[in-house]
Amino acid sequence: MKYLVKNKEETKDLAIKIAQSLKGGEVIFAKGPLGSGKTYFFQCLGKALKVNGIINSPTFNLIKIYFGKIGKKDLSIYHVDCYRLEDVPERNKDLGLEEVIGEENTLTYIEWPMYASTYIKEFSPRMEIEFKYIDENQREVIIDEK
C-alpha cells in the first residue's frame with residue numbers, strides 16, 4: 001500500500017492506523033534515507049501503543065526497549081537502529097534479538113535493517129515500511145507485508 005503523507009499530523013494518523021492493526025509479535029523493517037521520518041513514525045506508533053515518557057532514537061545504543069499495550073495486553077517494544085552496523089563484520093552483529101523477535105507479546109521495529117545480521121534481514125513474516133523523502137513536509141510511505 002502506498003500513502004502520501006503531507007505533514008507530521010498525517011504521519012501520526014498513519015502510525016495510529018498501523019498500531020490499531022497490530023496484535024503482537026510483529027516485526028517491522030523501517031527503510032529510507034536519513035531524515036525521511038523513520039524515527040518520527042516510531043515515536044507516533046509508540047504513543048499509539050500507550051508508551052509513556054520520551055521516545056527517542058537508539059542510534060548510539062542500538063536498542064531501546066519500551067513498554068506499551070495492545071488493548072489490554074502488555075507489550076514489550078524493541079526499537080532497533082542498525083545504522084552503526086553498516087561496516088561491522090557479520091559475526092559481530094548479534095544483538096540478542098533472536099530470543100524475542102516475533103514473540104507474541106513483543107513488537108520489533110528495526111531501522112536500517114539492511115545493516116542487521118543475516119538472521120534479522122531474513123526474518124519472516126515482517127512488515128516493511130519504506131519512507132521516501134519528497135520535500136521538507138511530504139513523504140511517500142510504502143507498506144508491504146513479506
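User: A salt bridge is a side-chain nitrogen of Lys or Arg that lies within 4 Å of a carboxyl oxygen of Asp or Glu. In this predicted model, how far apart are the closest N and O atoms of K146 and D144?

Analyst: K146 is partly exposed, having a relative accessible area of 46%, and D144 is also partly exposed, at 34%. A Lys nitrogen and an Asp oxygen must lie within 4 Å of each other to count as a salt bridge. K146 and D144 do form one, and the distance between their closest N and O atoms is 3.8 Å.

User: Which residues are joined with K146 and D144 into one network of salt bridges?

Analyst: The salt bridge between K146 and D144 does not stand alone, since salt bridges that share partners join K31, R126, E128, D144 and K146 into one network. Two other links in this group can be named: K31 pairs with E128, and R126 pairs with E128 as well. The residues that join K146 and D144 in the network are therefore K31, R126 and E128.

User: How many residues apart in the chain are K31 and E128?

Analyst: K31 and E128 form a salt bridge in which the closest N and O atoms are 3.2 Å apart. This pair links distant parts of the chain, with K31 in strand β2 (residues 27-31) and E128 in strand β6, and their separation is 97 residues.

User: Is E128 buried or exposed?

Analyst: The cut-off for calling a residue buried is a relative accessible area under 20%. K31, at 24%, counts as partly exposed. E128 has a relative accessibility of 10%, which means that it counts as buried.

User: Where is R126 found, and which residues does it touch beyond those up to four places away in sequence?

Analyst: R126 sits in the loop between α3 (118-121) and β6 (127-133), and because its relative accessibility is 14%, it counts as buried. Its side chain meets that of E128 in a salt bridge, at 2.7 Å from N to O. When residues up to four places away in sequence are set aside, those that R126 touches are V27, F29, K121, D144, E145 and K146.

User: How far apart in space are R126 and E136, C-alpha to C-alpha?

Analyst: In sequence, R126 and E136 are separated by 10 residues. In space, the distance from one C-alpha to the other is 29 Å.

User: In what order do the elements of the protein chain run from the N terminus?

Analyst: The protein chain has 3 helices and 7 strands. Reading from the N terminus onward, these elements follow one another as β-α-β-α-β-β-β-α-β-β.

User: What is the radius of gyration of the protein chain?

Analyst: Counting elements, the chain has 3 helices and 7 strands. For its 146 residues the globule rule gives 15 Å, and the chain's own value is close to this, so the chain is as compact as a globular protein of that length, with a radius of gyration of 14 Å.

User: What percentage of the 146 residues in the protein chain is buried?

Analyst: Among contacts with a separation of 6 or more, 59% are between residues 24 or more positions apart. The C-alpha atoms fill a box of roughly 40 × 35 × 30 Å along the principal axes. Of the 146 residues in this chain, the buried share is 47%.

User: Which residues of helix α2 (residues 38-48) are buried?

Analyst: The cover over the buried residues of α2 includes α1 (8-21), β2, β3 (63-70), β4 (73-81), β5 and β6. After the helix comes K50, whose phi is positive, near 70°. Within α2 itself, the buried residues are K38, T39, F41, F42, C44, L45 and G46.

User: Which residues form one aromatic cluster?

Analyst: A search of the whole structure finds 7 aromatic pairs. One aromatic cluster is formed by F42, Y66 and Y109.

User: Which backbone oxygen does the side chain of T106 reach at 2.8 Å?

Analyst: T106 lies in strand β5 (residues 106-111), and its relative accessible area of 7% is why it is buried. Its side chain reaches the backbone oxygen of V100 at 3.2 Å. At 2.8 Å, the side chain of T106 reaches the backbone oxygen of E103.

Definitions and conventions
Residues numbered from 1 in each chain as written. Predicted model: local features only at pLDDT ≥ 70, side-chain atom pairs only at ≥ 80, totals over all residues. Heavy atoms only, no water. Phe/Tyr/Trp six-rings, centres within 6.5 Å; stacked < 30°, edge-to-face > 60°. Helix = DSSP H or I, 4+ residues; strand = E, 2+ residues; numbered from the N terminus. Buried < 20%, exposed > 50% of the residue type's maximum accessible area, 1.4 Å probe, protein only. Contact = heavy atoms within 4.5 Å. Rg over C-alpha atoms; globule rule 2.2 N^0.38 Å. Polar contact = N/O pair within 3.5 Å; in protein donor to acceptor, adjacent residues only side chain to side chain.
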